[in-house]
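These are comments for a colleague on the packing of helices and on the enclosed and open spaces of the structure shown below. Please read them beside the coordinates, point by point.

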Amino acid sequence: MSIQAASPPPTPGTRRVFPSWAAAARWPAVWFFVALSIAGVVILGISFGPAIAGAPAAFVLAVILFAIHGAVFVTIIRAVDWLEPEPRWLFAAAMIWGGFVASANALRANTALESILVKVTSLGFVRDWAAAIEGPTDEEILKTLGIVMIVLLARRQINSVLDGVVYGAFVGLGFQEIENITYSLNAVAAAGTDSLGPVLQTFVVRGLLAGLWSHTVYSAIAGAGVAYAVLHRERSWFNRIGVALGALALAWLMHFLWNSPAAASLTDNAGTYGILLVLFIKGLLILGTFLILLHFFRKDEYEGIAGPLESMRNPWIASHNEIAALRGWRSRGRARWNAYVYGGMRAYSRVRRLQRAQADLAVDMRDNGEAGYAARLPELQRARYGVHQLGITDADALHPTTIAGWISFVLAFAVLINPIFLVLPLGFLVFGVARARSTRQRADPRLRTAAILALIFALAYVVSVIARAATLV
């Protein structure tokens, strides 16, 4: 009989998926996931290996561009998940499923479905409508199975519908970026040389123009349905499965709308601008629907956090204005902006630390009661003392609305015409912050928003110029 050291009990407030790696190795779903992931990598390697070998420079550029693109989306999704952050390794697992398992199996499923469509319909119908039928049908089912796999791996991590949205978004993001890379390789193969131009064109079209309303959005909607079915056990099986299937159907419909050629006849005589207009209308319909649903999902999670904090009625723990500031990324950002204007980056980081401590304490109070409160209270007290040292008594998100802020916001769009206009919103930002610090007043957060928008527009302008130049070479 061997003697082993006893593992310490988990600290209240921790949400470990498995108590140890050995325990994870004994879970069948883990090995099933690993086997499918390896098989997906092999399938993709066999399918695109020759294209990679024939155009290595283009492949490297595609990986770099879409890795950066994916990192931006990861930051956005993590901001949505800020109140109750999920384990990073589960996010990685979700992206691996979408990127390798779903995408690899979609290659075969789409081919099989297309062969069926050829037999039961005409070639003209297949040419026009195959993408609108195959992609939504096969890909949305395969990606949703990835969300189900996350539930099998870590059921306790699904505590709200928003959790399902976040995991679904990561599955969709993994699929989206791998698909973008494969489209880049196909574009290079069509060009016939190891050219960087087709990669840059693919990045502009699929990354910048269509990236906001692609697979990340579709799978996030499907994830909400899966989470609802898992959480609402007080409802009937018929209700829970119906909601999950309804969410999957909505994801399918969004995907179908984007791939559909139904509006193509409207742009026959409109040229490139007409095509772009139709794409933007379809994309905004998809994104707008998702953002409306996301508002309610986030509101539900926020109320679960705000309730425990409000019940204490203790401004040293969290004032009413600070609780309101936790509502969303904009209000949290405004509270940190106020701190930055008041005391620079040190104040910014200390308010951010206080917000993190307040959210963690609320989650542990909800999940573990008094034990969770006792575990998190020391960290919150340290964060509060650090903010108090700087003279900040209330880390609120209150902000002024100024004419300068609105002017700066409008000027940011002038960068789309010429990047030289970037100096205007940046100048307004520097002047506004300096004036607010000298008078101990709050600065309009639109100054910051305008400067960020202007920088993004300037970057997009530079990328488009490089893409045009690469096309001419």
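1. In this predicted model, the lining of the second largest pocket is made up of 17 nonpolar, 12 polar and five charged residues. The pocket has a volume of about 800 Å³, and of the 34 residues that line it, Glu179, Tyr183, Arg206, His215 and Asn259 are the ones that lie nearest its centre.

2. Many helices take part in the walls of this pocket: at least two lining residues come from each of α2, α4 (88-120), α5, α6, α7 (197-209), α8, α9 (237-259) and α10. Among these contributors α6 provides the largest share of the lining, namely seven residues.

3. Two of the helices that line the pocket also pack on each other, since α2 and α6 have axes 10 Å apart and an angle of about 40 degrees between them. An angle of that value makes α2 oblique to α6, and the crossing of the two helices is left-handed. On the α2 side the residues in contact are Leu44, Phe48, Ala51 and Ile52, which meet Ile178, Thr182, Leu185 and Asn186 of α6. Sorted by class, the residues of this contact comprise six nonpolar and two polar ones, with no charged residue.

4. A further contact of α2 (residues 28-54) is with α5, where the two axes come within 9 Å and cross at roughly 145 degrees, again in a left-handed crossing. Here α2 offers Ala29, Val30, Phe32 and Phe33, and α5 answers with Met149, Leu152 and Leu153. The contact of α2 with α5 consists of seven nonpolar residues, with no polar and no charged residues.

5. The structure also holds two cavities of 30 Å³ or more, and the largest contains about 70 Å³ of space. Its lining is formed by Ala79, Val80, Trp82, Leu83, Leu162, Arg298, Glu301, Arg327, Gly328, Trp329 and Arg332. Three helices, α3 (56-80), α10 (271-312) and α12 (329-368), each supply at least two residues of that lining. By class, the lining of the largest cavity has six nonpolar, one polar and four charged residues, and a colleague inspecting the site may wish to look at the charged residues listed there, among them Arg298 and Glu301.

6. What lines the second largest cavity, and which elements does the lining come from? The residues are Ile147, Ile150, Val151, Ile158, Gly164, Tyr167, Val226 and Ala227, and the elements that give two or more of them are α5 (123-153), α6 (161-191) and α8 (215-231). The largest share, three residues, comes from α5. About 40 Å³ of space lies in this cavity, and its lining is divided into seven nonpolar residues and one polar residue, with no charged ones. The helices α5, α6 and α8 are thus named both here and among the contributors to the second largest pocket.

7. Towards the end of the numbering given here, helix α14 (residues 403-412) packs with helix α15 (residues 423-439) at an angle of about 155 degrees, the axes being 8 Å apart. The two helices are therefore roughly antiparallel to each other, given that angles over 145 degrees count as such, and their crossing is left-handed. The contact is made by Ala404, Ile407, Ser408, Leu411 and Ala412 from α14 together with Leu424, Pro425 and Phe428 from α15. In class terms it holds seven nonpolar residues and one polar residue, and no charged residue.

Conventions:
Residues numbered from 1 in each chain as written. Predicted model: local features only at pLDDT ≥ 70, side-chain atom pairs only at ≥ 80, totals over all residues. Heavy atoms only, no water. 1 Å grid on protein atoms, 1.4 Å probe; cavity = no way out; pocket = protein on both sides within 12 Å on 5 of 7 lines; lining within 4 Å. Points joined across faces, edges and corners; volume = space filled by probe spheres on them. Helix = DSSP H or I, 4+ residues; strand = E, 2+ residues; numbered from the N terminus. Axes fitted to C-alpha atoms, helices over the stretch in contact; angles between N-to-C directions. Left-handed = near helix turned anticlockwise from the far one by under 90°. Contact = heavy atoms within 4.5 Å. Parallel < 35°, antiparallel > 145°, perpendicular 65-115°, else oblique.
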